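Thanks for coming. I will take one structure today and go from its surface inward, then to its backbone. Please bring it up on your screens.

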Amino acid sequence: MTAPKVPEVVLSSSSGQRKMPVIGLGTAPGSISKGTTKDAVLEAIKQGYRHFDAAAAYGVEQSVGEAISEALKLGLISSRDELFVTSKLWVTDNHPELIVPALKKSLRTLQLEYLDLILIHWPITTKPGEVKYPIEVSEIVEFDMKGVWTSLEECQKLGLTKAIGASNFSIKKLEKLLSFATIPPAVNQVEVNLGWQQQKLRAFCKEKGIIVTAFSPLRKGASKGANLVMDNDILKELADAHGKTIAQICLRWLYEQGLTFVVKSYDKERMNQNLQIFDWSLTEDDYKKISEIHQERLIKGLTKPLLDDLWDKE
């Protein structure tokens, strides 16, 4: 089967108007992953994926880098420039003076000369140190958003990254960021799925020219109770009606909303299925049913105890 052509979006504030494929492979560690990240990224490249989403905190940057290096050796891609690679800065590095060194460290680990996109992983700062999860609230210090963003702008000017953005930012936090940014965020990566549709935030980002990338697009997290999406009777019905999988219904909905998304599957067949969403459509009736799905945030935060103001009651 020939790899489908994956549509792209242009990141408006990126250098050289960088294009981002709408679907990416997520590499966040999960307890159910079969196989290694390196093998998964290599397989994804073979199948036609060109967008890979990593983070310093995931501990996968080395594996992603090794897979890219191998793909070049095998001739699966002719140049690194064919790929779109995102990484994220962890909360321990959310200090103005640590941003450039942290990004340079990520580039060394990935064996890359530049990133396509670097994100502030969470709008929180902790004392410098190692990655811990969950974060004890006592570790949190004041987040100097302006200082951190200025350092990220410097990273883009230095050519270390083609674009800069945010992750897990509320409307209120984006408004603050936009009030002083000279390079606005190209992307806000947040939880969006059929069980948490985020209409207000998406409308705000669209108005401001910020691309939304959805994480947890299939609402994974078996440890957090029933999956409001994959175990949903309405979606099972829609999948049967279209002769598609529930995952394909979910991803097609995101695509029709004008969103980009990173989906985590290291399973060969599911990886392939997740690419088969571009040549059919949902109906008005499907949309009506989808609008009735119960809404509840899956990812509540990363601290213990949870912070009251992380999402600004949005």
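The protein exposes about 14400 Å², with areas from the Shrake-Rupley method and a 1.4 Å probe, where for residues only the protein chains shown count as cover. Carbon and sulfur atoms supply 51% of that exposed area. Keep in mind that this is a predicted model, in which local features need pLDDT of at least 70 and side-chain atom pairs count only at pLDDT 80 or more, while totals for chains, interfaces and linings use all residues. Residues are numbered from 1 along each chain as its sequence is written, and side-chain values use heavy atoms, with hydrogens and water left out.

On charge, there are 40 positive and 40 negative side chains. Lys and Arg count as positive, Asp and Glu as negative, and His and the chain ends are not counted. The centres of the two sets lie 1 Å apart, with each charge placed at NZ of Lys, CZ of Arg, CG of Asp or CD of Glu.

Now the overall dimensions. The C-alpha atoms fill a box of roughly 55 × 50 × 35 Å along the principal axes. The radius of gyration is 19 Å, which agrees with the value near 20 Å for a compact globule of 314 residues; it is taken over C-alpha atoms, and the globule rule is 2.2 Å times the number of residues to the power 0.38. Buried residues make up 53% of the 314, where buried means under 20% relative accessible area, exposed over 50%, and partly exposed in between, with a 1.4 Å probe and protein chains only. Of the contacts with a separation of 6 or more, 74% are between residues 24 or more positions apart; contact means heavy atoms within 4.5 Å.

The protein has 10 helices and 14 strands. These are DSSP runs numbered from the N terminus, helices being H or I with at least four residues and strands E with at least two.

Next, the interior. In soluble globular proteins, nonpolar side chains tend to be buried together. The largest nonpolar core here has 92 residues, and Ile23 and Leu235 have the most contacts inside it. By nonpolar core I mean a set of buried Ala, Val, Leu, Ile, Met, Phe, Trp, Tyr and Cys residues joined through side-chain atoms within 4.5 Å. Helix α8, residues 246-256, gives the largest share of this core, 7 residues. A second, separate core of 12 residues includes Val91, Trp122, Val262 and Trp311.

What does Ile23 touch? Leaving aside residues up to four places away in sequence, its partners include Val6, Tyr49, Leu251, Phe261 and Phe278. One of those, Leu251, is among the buried residues of α8. That helix is largely enclosed by the rest of the structure, because 9 of its 11 residues are buried. The buried set in α8 also includes Gln248 and Arg252. Just after α8, Gly258 takes a positive phi of about 80°.

Helix α1, residues 37-47, is mostly covered, with 8 of 11 residues buried. Its cover includes β3 (23-26), β4 (51-53), α2 (61-74) and α9 (268-275). Thr37 lies in this helix and counts as buried, at 13% relative accessibility. Beyond four places in sequence, Thr37 touches Thr27, Val60, Ser63, Val64 and Tyr266. After α1 comes Gly48, with a positive phi near 115°.

Finally, the backbone. Most residues other than glycine have a negative phi, and most peptide bonds are trans. Which peptide bonds are cis here? One runs from Tyr133 to Pro134, with omega near -5°, and Pro134 sits in the loop between β7 (125-126) and β8. Another joins Lys304 and Pro305, with omega about -10°; Pro305 is in the segment after β14 (303-304).

Pro305 also has a partner far off in sequence: Val137 is 168 residues away, yet 6.7 Å away in space, C-alpha to C-alpha. Val137 is in the loop between β8 (135-136) and β9 (140-141) and counts as partly exposed, at 31% relative accessibility. Besides Pro305, Val137 touches Thr303, Lys304 and Leu307, again not counting residues up to four places away.

Two residues other than glycine have positive phi values to check. Asn168 has phi of about 65°; it lies in the loop between β10 (164-167) and α5 (171-180) and is buried, with a relative accessible area of 2%. Asp312 has phi near 50° and is found in the segment after β14.
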